[in-house]
Amino acid sequence: MHELSLIQGLMNRLEEVVKENKAKRVKSIWLKVGPLSGAEPQLLKEAFNFFSKDGIAAGAELHIDSPLVTLKCDKCGAEAQREYFTLSCTECGAGLPISDGSEALMLEQLELEME
Ligand SMILES: [Zn+2]
């Protein structure tokens, strides 16, 4: 599942940040989900709960922000505001370009508990 690998990447990043800051653990996480990531906040939360059962982010609060984006269809020019990427234009049914997912998850803010 896409969301699992995204969260796994996030957990690795969190471990680095905790180490760099000599913190004890992560208390809260604010994530921004790229609208073209194809990742669903609900599934991200489930994946996070799975990976954070123990370790540095155990019991941490996860806040997810998924901004709307305007997508424009190449074929008919229709524009639509979407929270998540869907694979076709609602007007004419043409396929829309898929992002490479490089901006799938952005770590916006972290609250750390210090020693
Ligand atoms: Zn269209």
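L44 makes a good starting point in this predicted model: setting aside neighbours within four places in sequence, L44 is in contact with E3, L6, I7, V33, A39 and I64. L44 also belongs to the residues with the most contacts inside the largest nonpolar core, along with L6, I7, L10, V33, A39 and L105. That core has 15 residues, and the elements giving two or more residues to it are α1 (2-20), β1 (23-33) and α2 (41-51).

**Helix α2, the home of L44**

- The buried residues here include L44, A47 and F48. Seen down the axis of α2, the buried residues fall within an arc of 100°, so they line one face of the helix.
- On the other side of α2, you will find Q42, N49 and F50 exposed.
- Among the elements covering the buried residues of α2 are α1, β1 and β2 (61-65).
- As for its placement, α2 lies across β1 and β2 and runs at about 160° to β2.

**Helix α1**

- With 19 residues at 1.5 Å a residue, α1 should span 27 Å; its end C-alpha atoms are 28 Å apart, which agrees.
- E3, L6, I7, L10 and L14 are the buried residues of α1. They cover an arc of only 90° around the axis, which puts them on the same side of α1.
- A general rule helps in reading such patterns: an α-helix has 3.6 residues a turn, so residues three or four places apart point the same way.
- Turned away from the buried side of α1 is a face that carries the exposed residues G9, N12, E16, K19 and E20.
- Cover for the buried residues of α1 comes from elements including β1, α2 and β5.
- Helix α1 lies across β1 and β5, running at about 40° to β5.
- After α1 comes K22, whose phi is positive, near 50°.

**The sheet**

- Three strands make up an open sheet, in the order β2-β1-β5, with mixed pairing.
- The edges are taken by β2 and β5 (105-114), each with a single partner strand, so one side of each is left without a neighbour in the sheet.
- On average, neighbouring strands of this sheet are turned by 20° against each other, direction ignored.
- Strands β1 and β2 run parallel and are joined by five bridges.
- To find your way along this pair, look for L31, which stands opposite I64 in β2. I64 is also one of the contacts of L44, which brings us back to the starting residue.

Terms used
Residues are numbered from 1 along each chain as its sequence is written. This is a predicted model: local features need pLDDT of at least 70, side-chain atom pairs count only at pLDDT 80 or more; totals for chains, interfaces and linings use all residues. A nonpolar core is a set of buried Ala, Val, Leu, Ile, Met, Phe, Trp, Tyr and Cys residues joined through C-beta atoms within 7 Å. A residue is buried if 20 or more other C-beta atoms lie within 10 Å of its own, exposed if 12 or fewer, and partly exposed in between; C-beta atoms are placed from the backbone. Helices (H or I, at least four residues) and strands (E, at least two) are DSSP runs, numbered from the N terminus. Two residues are in contact if their C-beta atoms, placed from the backbone, lie within 7 Å. The arc is that of the directions from the helix axis to the C-beta atoms. Two strands pair if DSSP finds at least two bridges between them. Axes are lines fitted to C-alpha atoms, for helices over the stretch in contact, and angles run from 0 to 180 degrees between N-to-C directions. The expected span of a helix is 1.5 Å times one less than its number of residues.
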